[in-house]
Each structure stands twice: as C-alpha cells, then as structure tokens.
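Here is a friendly walk through one protein model, with a look at its inner spaces, its backbone and its charged pairs. Keep the viewer open and follow along as you read.

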Amino acid sequence: MALVMAGIGLRRLLERQMAKRKRTPIEYAVLATIVCFVAAIIKYPNRAVFTNARPDLKALKRDAPGLPLIGNLADMLSHREDPLDYLHKTFQEHGDVISITMPMIGRAIILNRPEFMEHIFKTNFDNYVKGDIFRWNLTDILGRGIFVADHEEWRFHRKTASNIFTTKLYRSLVEGAFKSSAEDFSTVLDSAIAAHKPVDLQDKFLKLTLDAFGKLTFGLDFKALLSEDGPNEFGDAFDFLTSAADARLSNPFWFITDRIIPGRWKKHWDCIGILNEYAAKAVRIRRAETPEQAETRKRDLLDHFINYKSEDGTMLTDRELRDVFVNFMMAGRDTTAQALIWQFYCLMVNPRIMNNIVHEIDTVLEGSTEKITYEVLMNELPYVKAVLHETLRLHPPVSKNVKQAVDDDILPDGTRVYKGEFIAYSNWCMGRNKAVWGIDAEQFVPERWLVSSDASGSAMTVNPATGRGLSPYGKFKPESQFKFIAFNAGPRLCLGMTFAQLEAMSTTCILLQRYQFQLTPGHPEPTVKGSITLPMKEALMTVVTKRTDGPVRVPLASQRKE
Ligand code: HEM
C-alpha cells in the first residue's frame, strides 16, 4: 500500500515538473515508444508479436508458454545445438500436437503422428505449401528450384525430372555406376589398410555420393574420393551453406546477424559463388557438345532440363539450370551419404545385426559382385533393405520440415489451422514415437521390417525361381508412407527414393563382402551437427580390415520377438 502511494506521489511530482516546461520531440517519441511497448506486452503476454492468441492449442511449455513479444524465440535459440532432442522430449511431455510462436515467422503447429502426415501430404495436399518464408530463407542458395517451388512451378520441375527415374536407368546404375564408385571406395580402403590408418567413413561416404551424383546427373567428375585428403572446395562450400540454411530456421533475424558476424556474409556469398561456378561449368560443357558426342553417352538429368522447351518454345536460362543443379545436388548428395554413414555406425555398434546382414549377403550373393542386380536388390535381400529402412527411421537425413497453410483448415483431431500459420513435423521425432512404432521405438531393430515368408516353416535354402541362395530372413514388409516419412509422402514423395535405396544397398553389399568395420577404440557416441540434413558432428573413425573369413555361415537369431 505504501509503495502504491509512493508511486502515485512520484508520478504527480514528475507531472508537475514536466508541466512547467515544454516537452521536446525526442521526449514525445520516447514516451510514445514506451506506451506502445507496454501496450504490446499487454496484448502479447506470452506469444510473438502479431500472432493471434490460440488458447485452444497447447503451448510448447505448459507452465511458461512463451515470452512477451518474442514467444518461443529464446527456447529455440537456446536449443539450436540439440533441436531434435528438445522437440522429442517436449512431445513426450506434452503430447503429439504442440505450438510455438516466433517473431517474423508467426505460429507453427508441430505434429507427431501419421494421421496428421496423411492429412497434410495427401488429403489436403493443396493447402500446405512451402510458402514465402521457406523461399525467403533459402532463395539465395536454392534459387527457384524444386525444393522451394509450389504449384505450377513445382509441377514443371517434378514432371521434367521424373523422366529420368526409370527402371532402365536403375538397372544400368546398379550394374555400372554404383559398382564403379564402390570400386573407387575399395581403393581408398585398401590404401588405408596398407598404411594401418583408420578411415573417416563420414568423409569418404560424402565424397562417394558427390562423385557418383555429379557424374550421373550433370556429367561432372569431382574426383573427390580418389584425390588427396584436404579441402574439398565444392563439398566444403555445400556443407557451409546447408548449416547456414538450418541456422535460419531458428533465427528469424539471420539477415541481420549474418551481416554482423565478421566474415560470415562474405563467406556465404563465396560459397554460393563456388556452387554457381560448378553449375556454369556443367552447362557450358554440355552446350558445347556436338550431336555426335551427345550420341555416345547416356541421357542424364541435365539433358532433360537443357533440352526442355515450353509451349511457346522458350528454353531454360543458365540461371534456371543453375537452380536445377543446386537443388538436385542438395537432394542427392548428403542424403544418401548420411544414410550410409548412420547405417554403418548402427551396424558397428550392433554386432548381432552386423552378423545377420553379412550372413544374408553371403548367402544370396555367394561372394560375387556380379550377382548384385536391380532385381536382386529390390527383392532378394530383405535384411539389407530392413537395415537401411531402420537406419532411416531413426536417423532420417531430412530430419525436420515445415509447410504453410494457404487457407483455414481442420486437422483430423479437430485442431484448427488458420491461413498463414505453419505446420511443422520431424521425421526424427516421429521415428522415435512409441505410440507409433511401439515400446522399442528408440531401439535399432531391423526385424520390425520383416515377416517370415514361409508359413509352413520348412527350411528352404535355395530360391526355386532363381537357383540362388534364399535369404533366411523372410520378406521385407513396407510401412505406410505416412508412418515412415523419411522420403516424404504423397505427391511430393522423394523423386530419388529408389535411386538412393539402390545406391546405398549396392554399396553396402560390396563393402561388406570385402571388409570388416569396427569403430576406433573409445569412439564417442555421435551427435548431430546443425544442418538441413543430418551430418554427424564428429568424424566416424573406423578401423577397416579385409575379410579373410569367407562368407559367414552362422545364422543368428533374426526374427523379432513380438
Ligand atoms: C536416403 C536418401 C534420401 C532421403 C532420405 C530423401 C528424402 C527426401 C525428403 C524428405 C524429401 C522432401 C523434402 C521437402 O519437401 O522439403 C525429398 C524430396 C526430394 N528428393 Fe529425396 N531423399 C533422398 C535421396 C534423394 C536422391 C538420391 C535424389 C535424386 C536422385 C532425391 C531427389 C529428391 C527430389 C527431386 C525431391 C523433391 C521432390 C518434390 O518436391 O516433388 N532424393 N527427399
């Protein structure tokens, strides 16, 4: 009471003092700012400025939903090193629908169940787009390519690019390009073995997919794998930009901070310059090609885009071709490499599963790389496929994503989404959701992807259709696209899904036929580095030895205990 009386007295005194003299314009401005600020705090007590109150939604933290004016910005910034873990724990505490607000962005509703995925990826697909914020964050890197495109622009990219993903291409990749990259990989491993040096599998797999993808899609030979270890201009520029793109998701003021941090803005544009140079080189070489030279090689992705003519005869400019190049590099290089990196890590820390996969490879392929074909990879190696899928479930290379609502909508549980709000989801969190994947959701169990093929229980060892050894692990059982969203789902399902699976599986088979892999002693458990994909923060240091044991013939327990 005394304090209130003192406050009132002080205010009267100040008022009298102020009344004696005229206020300056600056004083008026300061006063107006203070009044606006206090009014804004009253209007936005627990959420970001300019967002609507949504008492119907659970806030990120129930007891402290967000700070006045900045909403959950502080939460996001303080967890920028471990955003996935943080989100996973929040889902565990507060359920599968949570909401955050961020200044400059607005409200995002974060979802963690397959029925929501089905709704946004398929049932009401047209209502959820990449939107302006996505483009604002990424256009300087990705231009107007497929990843940032919506509506007609997206349909054009999708249709043009889908022309190359045919079974004919897959057959020739498996029998040619993927085997030859695995041969280069073996050369690198052989020299490490001869020099008694451990190998950083992360670095090598990224170089493998860069080389393969560059050659196959744009006719560029980066020669990253076989070159001396050291800076890798293209790869390093790419890594910098994917990290920068990710940092923008949790920092809506990136356009200011990136310019303030010394050297950062220049480095950003230097890296973009490097990507542009490589893209320009690929286009230059292709445009200079004679028809005879073009005849002697296979058509690739660049051919389809460079020869594209719209109805009025317009062709793509070099700038548009640059965007195709960068978007596809983003799609194809890191993702498949990271699938292999995390998969080899999971195998090395799970000796039982390593034994099983080697056993299947030896049984079906009988020590020969010649037997690795498109059909064999697709149909006859269920355990290899299961291990890859289990890796992608727990370590999806595209681990989080966001879409914007074009119009008001109602989600399957009755939650309202208003026009302009964002919907976000994390493949990484949904893969660990026990309500979706069962009590062992956080464990690496490839057997969840297998069903026994032989109900009668007879011990067949030879495939009667092919005469080859039969996998003892039953059949691969695919999951619904909306439950297993590592490759996205619905009309925007990953275009390179089969490509990536074949590349990862054939590389795995060839390497496990020849080598044994063990983590270096005392290797730390890997953590995730901030990026739009899922790189490990640490190198994956591995001791590689040649296999001298011949095919492993000891079947180990394989079926999952339900
Ligand atoms: C394990 C490897 C891969 C994974 C986990 C993966 C995952 C994904 C995901 C989650 C998306 C949706 C991204 C978004 O909408 O923001 C996507 C889109 C896409 N992916 Fe992949 N991807 C992989 C490999 C590849 C490869 C090798 C290629 C090319 C050969 C490729 C081409 C594409 C394209 C073109 C899109 C855009 C599709 C569209 O928007 O219509 N991906 N991928």
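What follows is a short report on a predicted model, moving from cavities to backbone, surface and salt bridges.

## Enclosed space

Let us begin inside. Rolling a probe the size of a water molecule over the atoms shows where empty space is left. Searching the whole structure in this way turns up 2 cavities of 30 Å³ or more. The largest cavity holds about 100 Å³ of space, while the second largest cavity holds about 60 Å³.

## The largest cavity

Which residues line the largest cavity? The lining is made by F125, D126, Y128, V129, K130, D150, H151, W154, R155, K403 and R492. Two elements, β3 (128-129) and α7 (151-162), give two or more residues each to this lining. Of the elements, α7 gives the most, with 3 residues.

The chemical make-up of this wall may interest you when you think about what surrounds the space. The lining of the largest cavity divides into 6 charged residues, 4 nonpolar and 1 polar.

## The second largest cavity

The second largest cavity is lined by L392, R393, P396, N427, M430, G431, W437, K483, F484, I485 and A486. Helices α18 (382-394) and α19 (427-431) each supply at least two of these residues, and α19 gives the most, with 3.

How do the lining residues of the second largest cavity divide into nonpolar, polar and charged? The split is 7 nonpolar, 2 polar and 2 charged.

Two of the lining residues, W437 and K483, lead on to other features. W437 can be paired with V384 for a distance check: the two are 53 residues apart in sequence, and their C-alpha atoms are 20 Å apart in space. V384 sits in helix α18, and with a relative accessible area of 0% this valine is buried. K483, for its part, meets E479 in a side-chain salt bridge, with 3.4 Å from N to O. E479 has a relative accessibility of 24%, so this glutamate counts as partly exposed.

## Positive phi in two loops

Next comes the backbone. L69 is not a glycine, yet has a positive phi of about 70 degrees. This leucine is placed in the loop between α2 (25-43) and α3 (73-78). Is L69 buried or exposed? L69 counts as buried because its relative accessibility is 15%, and the cut-off for buried is under 20%.

E366 is another residue other than glycine with a positive phi, here near 45 degrees. E366 belongs to the loop between α16 (351-365) and α17 (374-379). Its relative accessibility is 39%, so E366 counts as partly exposed.

## A nonpolar patch on the surface

On the outside, I26, V30, I34, V38 and I42 make a nonpolar surface patch of about 500 Å². To find the patch in the viewer, you could start from V38, which lies in helix α2. V38 is partly exposed because its relative accessible area is 41%.

## Salt bridges

How many salt bridges does a search of the whole structure find? The count is 38. One of the pairs links D362 and R547, whose side chains meet at 2.7 Å from N to O. D362 lies in helix α16 and R547 in the segment after β12 (541-546), so this salt bridge ties together parts that are 185 residues apart in sequence. Both D362 and R547 are buried.

Another pair is K204 with D203, where the closest N and O atoms are 3.3 Å apart. K204 is buried, with a relative accessible area of 8%, whereas D203 counts as partly exposed at 24% relative accessibility.

Back at K483 and E479, the side chains also meet in a salt bridge. Beyond such pairs there is a network: R286, E289, R297, D300 and D303 are joined into one by salt bridges that share partners.

Key:
Residues are numbered from 1 along each chain as its sequence is written. This is a predicted model: local features need pLDDT of at least 70, side-chain atom pairs count only at pLDDT 80 or more; totals for chains, interfaces and linings use all residues. Side-chain values use heavy atoms; hydrogens and water are left out. On a 1 Å grid over the protein atoms alone, a cavity is a set of points where a 1.4 Å probe fits but cannot get out, and a pocket is an open set with protein on both sides within 12 Å along at least five of seven lines; lining residues have an atom within 4 Å of a point. Grid points are joined across faces, edges and corners, and a volume is the space filled by probe spheres set on the points. Helices (H or I, at least four residues) and strands (E, at least two) are DSSP runs, numbered from the N terminus. Ala, Val, Leu, Ile, Met, Phe, Trp, Tyr, Cys and Pro count as nonpolar, Asp, Glu, Lys and Arg as charged, and the others, Gly among them, as polar. Buried means under 20% relative accessible area, exposed over 50%, partly exposed in between (1.4 Å probe, protein chains only). Patches are made of residues with over 30% relative accessible area and no salt bridge: like charges are joined within 9 Å, nonpolar side chains (Val, Leu, Ile, Met, Phe, Trp, Tyr) within 5 Å. Accessible areas come from the Shrake-Rupley method with a 1.4 Å probe; for residues, only the protein chains shown count as cover. A salt bridge is a side-chain nitrogen of Lys or Arg within 4 Å of a carboxyl oxygen of Asp or Glu.
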